[in-house]
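Hi there,

I am passing on the structure we talked about, so that you can open it next to the sequence. My notes on what turned up are underneath.

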Amino acid sequence: MSSGIELRDVVKSFGQGGDAVAAVNSVNLDVEHGQFLTLLGASGCGKTTTLRLIAGFESPTSGEIRFQGRNVTDVPVTHRDMRMVFQDYALFPNMNVFDNVAFGLRVSRARRRYSSTEVSRRVREYLDLVQLSEQPTRMPHQLSGGQRQRVALARALITDPSVVLFDEPLGSLDAKLRKAMQVELKRIHKELGKTFIYVTHDQEEALGMSDRIAVMNAGRVRQYGSPEEVYREPNCRFVASFIGAANVLEAKVESGNGNEAQIRLKNDWVGKVPATTPVRSGENVGLMIRAETARLRRENSASGADGVITVRATVAERLFLGDRIEYHVELTGQGGDLRIHIPATEAEEFDVGDSVDVDIRPEDTRILAD
Amino acid sequence: MLFWLAPPILWFTVFMLVPYAMLFYYSLGSVNYVTFEPGFSAANFIKVFTTQPYLGVMLKSAKLGLMTAIFTSILAYPVAFCLAFYAPAGRAKNFLYMLVIVPWWASYLVKAYAWKTILGSHGLINQLLLNTGIISHPLTFLLYNEFSVALTLTYIFTPFAILSIYSQLERIPVSLIEGARDLGATGWQIFYKIVFPISVPGILAGAVITFSLAFGDFISPALVGGPNSIMISNIVINLLGRAFDWPLAAAIGLVIIGMATALITVANHIERRLTVRL
C-alpha cells in the first residue's frame, strides 16, 4: 500500500466561520499503485475537490494525504509526481501541439535537461501513444475536441508521472467519441501501468474503465469498491439509485437471522430474502431490485418458482431502447413505481395500461438499511 | 433594421463625414489676409512637410505620444496583472477596479493642473525638499518641459492601458496557469511562456489608445509644458485662433488623421496576428 495514495480523514471546507461548507467531508481512500480509480458522483458532490486535493491545487482543512509512503499534505503541486488532465484540456493556446506536449520537458523543474533531439523523439513517441495523427505544428484552436484531449493526455504523460489525474476529461465530447476515448484511456492505462484517478459523473464511464470506484455524495465517499461491487452490492440507497437503474421497494423486517430476513412488502407479500446487511426485527428497510433482474408476465398467469416476490402493477410507460425495452410500471395498492428492463429479444411485449405481475427472485434483491 | 441604423448613420454623416469634407475643402484653399479663398492647391500640404516648425513639432508630438504609450504600458501591466490574478474576486476586486476608474471622475483640466502644483517651484516636491534642507534652491527641471508633459499624459491615460491589458489577461483561464504549474513551470516561466504572450495584443491595443490620445493632446503642453514642448495640436489651435490660417490648420489636421489611421491599421493588423485564440 505504501506505493499508492492514502487519504486520511480529509476535510476541505470553503468559506469561513458559520458560512463554511465542507466540500469534502472525512474522506478516506486507499489507492494502490497502478489502479484505475474513479471518483463518481453528481456535480457538487466533492469529487473534483478531492482530485484537486490529491493534485495539491487545494490543501485540506484537516486530515492527511500520503503518497508513496510520505505525507504530502503540504507539498506543492510541482513536487508531487502527478499530472493532471483538465476538464477544458488547458492547452496553451499560444503554442502549437509540439510545444504543448514538450512543455513539461522544457520547464526548469523537469527532472533533467533534455536535448532538443530527445525532446522531439519523446514528443513523437507520446503523440503516437495517444494516436494523434495531426501535424504537431497545428495550433490548439485548429484541433477538434477529441484531438485536444489526446494532446492534453500526451502532455501529461510525457514527463512520466506515477499518477495521472483526470478531471471529467471526456465531458465535452460527443457520445461516440467519448466511448472511443474510454477504450483508448483504458488501453493506455494498461500499457503504462500508472495510477489513474478519474473524476466523472457518468456511471457508465466509471463502470467501464475503473478498477475501483468511489461513489461520492455530499462530500463523502458512500461506497468504495470494484465496479461489480458497487453495482451488484450497493451499501445504501444512494449508491443503489445512482448507479444503474435501480428500484427500491419499501419493506419491513419481520424477523431475521444472519443469512436470511423475513420481510413484508407494502402489498403484504411476505417472504424470505438474503440478509445482505444486518437487520433488526421491526426495522424499515429498502429492497433494491435492479431493472434487468425483474420479470413481467400477464396478470394471474402461471407464476414462477416458489418464494418469488410478486407485485401487481400497471404498465405506465413503454420505452423502446433498441437492445431492450424499458417499462415503467405503477404498483397497485401502494405508492411508487418500478423501472424494468426486458431484453428486446423477448417475445412477450406489453402495452401501456396492461395489468401485469412483476416477479423478482429473492436472490436478486438486496436489503438497504440506509 | 434600417430604422435602427438611421440615427448612427445620420450622426456619422453630420458629425464625421461633413466635417472631414469641409476640412478637405479648406485644406486646398488659401488665405488672403483674413479672408478664405477657395482653391485647388496642395501648397498647404507641401508646407506642412517642408516648413518648420510643423514637421518637427509633429515628430516631437509623436515622440511624446510614444513615450506616453511606453510609460503607461509599463505602469499599467502590473496593475492589470494584480487585478486579473491576485485580487480575490468580490469586494476587493471591485474596490481595486474602482481605484482605477475613479480618476476619470475628475476633470482633465484639474488633473493636469494638479501636476503643476506638485512639480512647480513652489510646488509640493520643491517645498518638501527645501524644508528638509536637501536643496537650497527650487528645482526647475521638474516643470515646463517635455518630462512634465510626458508625466502628466502618462498619469492621465494610464487607466486606458490598465483596462485594455486587464481585459486580455482576464480571458486567461485559471486552468492554463494550474496546468503549467502542474507540469513543473516556475512562476516566472508561466509568465513569460504563457501569460505574457497571450496579453501582448492587450498591451498593443492600450498603447495605440494612449499614443493617439497623447499625440493629439493640447492641454498638458499648455499647462505643464514649456516653450519647447508645444505639440502639434497647440499649433493647430494657434493657426485657427490667432493666425487665422484655416487652410494650413486643416491640412495639418488631415495629415494627423492620416497618420493616426495608418498607425491604427498597422497596429490592428499586428494585433490580429498576435491574438491568441483561446
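In what order do the five strands of the open antiparallel sheet in chain A run? The order is β13-β12-β11-β14-β20, and the pairing is antiparallel. Before you look further, please keep in mind that this is a predicted model.

Let me stay with that sheet for a moment. Its edge strands are β13 (270–274) and β20 (365–368) of chain A, each of which pairs on one side only. On average, neighbouring strands in this sheet are turned by 45 degrees against each other, direction ignored. If you would like a place to zoom in, try β14 (residues 284–290) of chain A, which pairs with β20(A) in the antiparallel sense over four bridges. There you will find A:Ile289 opposite A:Thr365 in β20(A).

Now for the whole chain. Chain A has eight helices and 20 strands, and its C-alpha atoms fill a box of roughly 80 × 45 × 35 Å along the principal axes. Of the 370 residues in chain A, 39% are buried. Among contacts in chain A with a separation of 6 or more, 65% are between residues 24 or more positions apart.

The domain assignment splits chain A into domain 1 (5–237) and domain 2 (245–368). The C-alpha centres of these two domains of chain A lie 39 Å apart. Four residues from domain 1 of chain A and six residues from domain 2 of chain A take part in the contact. On the domain 1 side, the residues that touch domain 2 of chain A are two nonpolar and two charged, with no polar ones.

There is also an open sheet of six strands in chain A, with mixed pairing and the order β6-β7-β8-β3-β9-β10. Why do β6 (82–85) and β10 (220–225) of chain A each have one side without a neighbour in the sheet? Both stand at the edges with a single partner strand, so one side of each is left free of a neighbour there. The twist in this sheet averages 15 degrees from one strand to the next. At the β6(A) end, four bridges join this strand to β7 (residues 163–167) of chain A, and the two run parallel. A:Met82 stands opposite A:Val163 in β7(A).

Two hairpins are worth a look as well. Strand β16 (residues 309–320) of chain A runs antiparallel to β17 (residues 324–331) of chain A, with seven bridges joining them. A:Arg318 has A:Tyr327 in β17(A) as its bridge partner. Three residues lie between the strands of this hairpin, and A:Gly322 takes a positive phi near 90 degrees. β17(A) then pairs with β18 (residues 337–343) of chain A, again in the antiparallel sense over seven bridges. In that pair, A:Glu330 stands opposite A:Asp337 in β18(A). The hairpin of β17(A) and β18(A) has five residues between the strands, and A:Gly333 in the turn has a positive phi of about 75 degrees.

Finally, the contact between the chains takes 18 residues from chain B and 20 residues from chain A. On the chain B side, α8 (174–182) and α9 (187–215) each supply at least two residues. The largest share of that side, six residues, comes from α8(B). By class, the chain B residues touching chain A are nine nonpolar, five polar and four charged.

Happy browsing, and do write back with any questions.

Best wishes

Definitions and conventions. Residues are numbered from 1 along each chain as its sequence is written. Chains are lettered from A and ligands numbered from 1 in the order in which they are written. This is a predicted model: local features need pLDDT of at least 70, side-chain atom pairs count only at pLDDT 80 or more; totals for chains, interfaces and linings use all residues. A residue is buried if 20 or more other C-beta atoms lie within 10 Å of its own, exposed if 12 or fewer, and partly exposed in between; C-beta atoms are placed from the backbone. Two residues are in contact if their C-beta atoms, placed from the backbone, lie within 7 Å. Two strands pair if DSSP finds at least two bridges between them. Axes are lines fitted to C-alpha atoms, for helices over the stretch in contact, and angles run from 0 to 180 degrees between N-to-C directions. Domain bounds come from an automatic or database domain assignment. Ala, Val, Leu, Ile, Met, Phe, Trp, Tyr, Cys and Pro count as nonpolar, Asp, Glu, Lys and Arg as charged, and the others, Gly among them, as polar.
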